[in-house]
Amino acid sequence: GSGRGNRNGLGNSGGLMAEDSLGNTEAIDSSAKLERTWAASADGWEAKPTMRRQIFDTFNDPDYSVTAKYLSMFILSLIVLSTTTFIMDTRREYEGHRVLVIIEAVCIVVFTIEYGTKLITAPSRSAFFWGYMNLIDLVAIVPFYLEIVILAMSGGSGGGAPTGLLRLFRLFRVFRVLKLGARMKKLEVVAAAVFDSLDMMGMLVFLLVLALVLFSTLIYFCEKGAWEGDDMLDAHGGDPFASIPRSFWWCMVTLMTVGYGDAYPVTVPGKIVASITMITSVIITALPISVIGANFTQQWIVYKANDAAKAREQTMHPTFIKFSEALGAHNFVLDEVLRAVEEMEILIEQETGQLKELFTEASEMAVEGAQARDTRRALLLQFDSRFEVLQDMREELDELLAFTQLLSSSTFTSMLETCMNKNSRLVSVMDTCEGIFGEVDTLVRKVNEVTEKNLARSFNSRGEGSAPQDSETHSGNNGPGKGR
């Protein structure tokens with residue numbers, strides 16, 4: 001069902017969407033669900049995930065189980081704690097504090113164990129390694145060990161290590177903050193919307209650069225030589241419009257509607273240029289942002305549809321499991337009752353035959369003599385005792401038959417047959433849909449091939465067809481046949 005949903009973009013396709021647009025590891029989740037160990041059962045084939053798959057899902061999917069949920073909460077708390085220690089370590093009174101160092105080391109060790117476990121148990125290690133969220137995890141972990149190696153090679157004090165290199169590695173600690181965002185699925189919607197809007201983002205950047213150069217040039221010529229520093233701070237900063245590159249800062253701040261106030265025009269032409277710049281910035285940014293917002297809305301609708309499908313799956317799966325267990329228990333009871341009824345029937349048949357023989361022997365025996373009468377009396381007593389046992393066995397059989405009637409309810413049987421018929425129809429419909437999907441994919445490929453050929457033919461004819469068109473035009477003016 002998730003595969004068909006992915007074709008429409010509304011199924012359980014969060015991983016595939018992330019794979020197409022972001023290269024995220026959710027693609028592993030969607031594709032690796034097919035990896036199963038199939039074990040035969042009494043009623044058919046049942047899918048069971050491997051131990052490796054269970055471990056990967058526990059570490060990678062918080063919704064996989066209760067253990068996975070608590071493990072995800074534990075990792076999130078460590079990310080927050082590690083980020084807090086990174087921030088506090090920048091304060092002078094806490095820099096290099098022993099407690100912060102220990103907390104950081106423990107967090108990095110846990111992050112390393114988490115990353116290593118997921119890498120080892122991933123269905124596709126290459127896809128997992130190149131997933132952008134997993135690269136963030138790796139970048140957040142590796143600098144810690146590289147810093148240790150550099151300090152160890154420099155003697156442990158860091159005096160012989162390159163200061164700039166150490167600062168660079170310590171700067172990489174900020175990527176731990178991205179680990180927090182990597183575990184929030186809703187941020188993937190934002191990233192997907194931005195990825196889908198890259199062309200519009202490029203247009204926005206182009207328009208901003210164009211406006212930046214244009215209005216920086218205008219403000220430079222309008223404000224050239226008109227600036228005067230009011231205080232020492234302004235005097236230290238210098239003329240913000242001394243050149244076109246220096247005017248870029250004012251123009252960028254104005255185009256982004258920030259308005260720091262550190263640079264502003266003082267001449268009338270400069271104020272006119274500034275007003276036009278403000279209006280232009282609103283027009284430039286409003287149109288592309290609306291397209292980006294529309295893409296985000298579309299991605300959000302897909303995300304909510306996937307979330308609803310996942311919720312339905314999580315609701316239906318436990319119910320299906322309970323129903324399967326109930327059917328298994330019912331089947332077990334049926335087997336036991338059937339076995340007991342068959343055994344009881346055999347025992348009753350054997351006992352009835354023996355009682356018939358015993359009764360016949362006692363009734364046909366001669367009663368002459370005391371010994372014969374005693375023997376006949378003993379046979380009749382034996383018959384009476386065994387007949388009582390037969391009566392008890394019959395009552396027990398009657399109880400089993402009454403219980404069997406409860407188990408073999410016509411309503412339950414008819415409902416079960418209806419479910420089996422619908423399941424058979426569902427299987428046939430799924431097979432038909434697979435064939436339809438194959439035909440549609442084939443048609444799409446053919447249409448794409450024809451479109452590419454037509455585009456290539458049109459591009460080739462543009463360069464070669466301009467001269468013949470001119471000649472035909474002249475031939476039309478000079479008379480038929482002359483141009484040829």
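## Helix 12 and helix 14

Helix 12 and helix 14 are oblique to each other, in what is a predicted model of the chain. The axes of helix 12 and helix 14, the latter covering residues 244-255, cross at roughly 120 degrees and come within 8 Å. Because angles of 65 to 115 degrees would count as roughly perpendicular and those over 145 as roughly antiparallel, a crossing of roughly 120 degrees leaves helix 12 and helix 14 in the oblique class. As for the sense of the crossing, helix 12 passes helix 14 in a right-handed manner.

What is unusual about the backbone of Thr257? Thr257 has a positive phi, of about 55 degrees, although this residue is not a glycine. Thr257 is placed in the loop that runs between helix 14 and helix 15, and with a relative accessible area of 55% Thr257 is exposed, since the exposed class begins over 50%.

## Helix 6 and its neighbours

Helix 6, made of residues 98-121, meets helix 4, made of residues 51-60, with the two axes coming within 9 Å and crossing at roughly 140 degrees. That angle makes helix 4 and helix 6 oblique to each other, because the roughly antiparallel class is reserved for angles over 145 degrees. The crossing in which helix 4 passes helix 6 is left-handed.

Helix 6 also packs with helix 8, which spans residues 132-153, at an angle of about 135 degrees and with the axes 10 Å apart. Helix 6 and helix 8 are therefore oblique to each other as well, and the crossing of helix 6 past helix 8 is left-handed.

## A nonpolar patch on the surface

Which residues form a nonpolar patch on the surface? The patch consists of Leu187, Val190, Val194, Phe195, Leu198, Met201 and Phe296, which together have about 540 Å² of accessible area. Helix 11, residues 185-196, and helix 12, residues 198-223, each supply at least two residues of the patch, and the largest share, four residues, comes from helix 11.

Phe195 is one of the patch residues and is found in helix 11. With a relative accessibility of 37%, Phe195 counts as partly exposed, because that class lies between the 20% limit for buried residues and the 50% limit for exposed ones.

## Salt bridges

How many salt bridges does a search of the whole structure find? The search finds six, among them one in which the side chains of Arg91 and Glu93 meet at 2.5 Å from N to O. Both partners of this bridge are partly exposed, Arg91 at 43% relative accessibility and Glu93 with a relative accessible area of 47%.

In another salt bridge, Arg339 pairs with Glu336, and the closest N and O atoms are 2.6 Å apart. Arg339 and Glu336 are separated by about one helical turn, because they stand three residues apart in helix 15, which covers residues 268-364. Arg339, with a relative accessible area of 41%, is partly exposed, and Glu336, with 30%, is partly exposed too.

## From helix 15 to helix 16

A further salt bridge joins the side chains of Glu351 and Arg386, at 2.9 Å from N to O. This pair links distant parts of the chain, since Glu351 belongs to helix 15 and Arg386 to helix 16, residues 370-407, with their positions 35 residues apart in the sequence. Is Glu351 buried or exposed? With a relative accessible area of 14%, Glu351 is buried, because the buried class covers values under 20%. Elsewhere, Glu336, Arg339 and Glu343 are joined into one network by salt bridges that share partners.

Val337 also lies in helix 15 and, at 9% relative accessibility, counts as buried. In sequence Val337 and Leu401 are 64 residues apart, whereas in space their C-alpha atoms are 8.8 Å apart.

Methods:
Residues are numbered from 1 along each chain as its sequence is written. This is a predicted model: local features need pLDDT of at least 70, side-chain atom pairs count only at pLDDT 80 or more; totals for chains, interfaces and linings use all residues. Side-chain values use heavy atoms; hydrogens and water are left out. Patches are made of residues with over 30% relative accessible area and no salt bridge: like charges are joined within 9 Å, nonpolar side chains (Val, Leu, Ile, Met, Phe, Trp, Tyr) within 5 Å. Accessible areas come from the Shrake-Rupley method with a 1.4 Å probe; for residues, only the protein chains shown count as cover. A salt bridge is a side-chain nitrogen of Lys or Arg within 4 Å of a carboxyl oxygen of Asp or Glu. Buried means under 20% relative accessible area, exposed over 50%, partly exposed in between (1.4 Å probe, protein chains only). Axes are lines fitted to C-alpha atoms, for helices over the stretch in contact, and angles run from 0 to 180 degrees between N-to-C directions. Angles under 35 degrees count as roughly parallel, over 145 as roughly antiparallel, 65 to 115 as roughly perpendicular and the rest as oblique. A crossing is left-handed if the near helix is turned anticlockwise from the far one by less than a right angle, and right-handed if clockwise.
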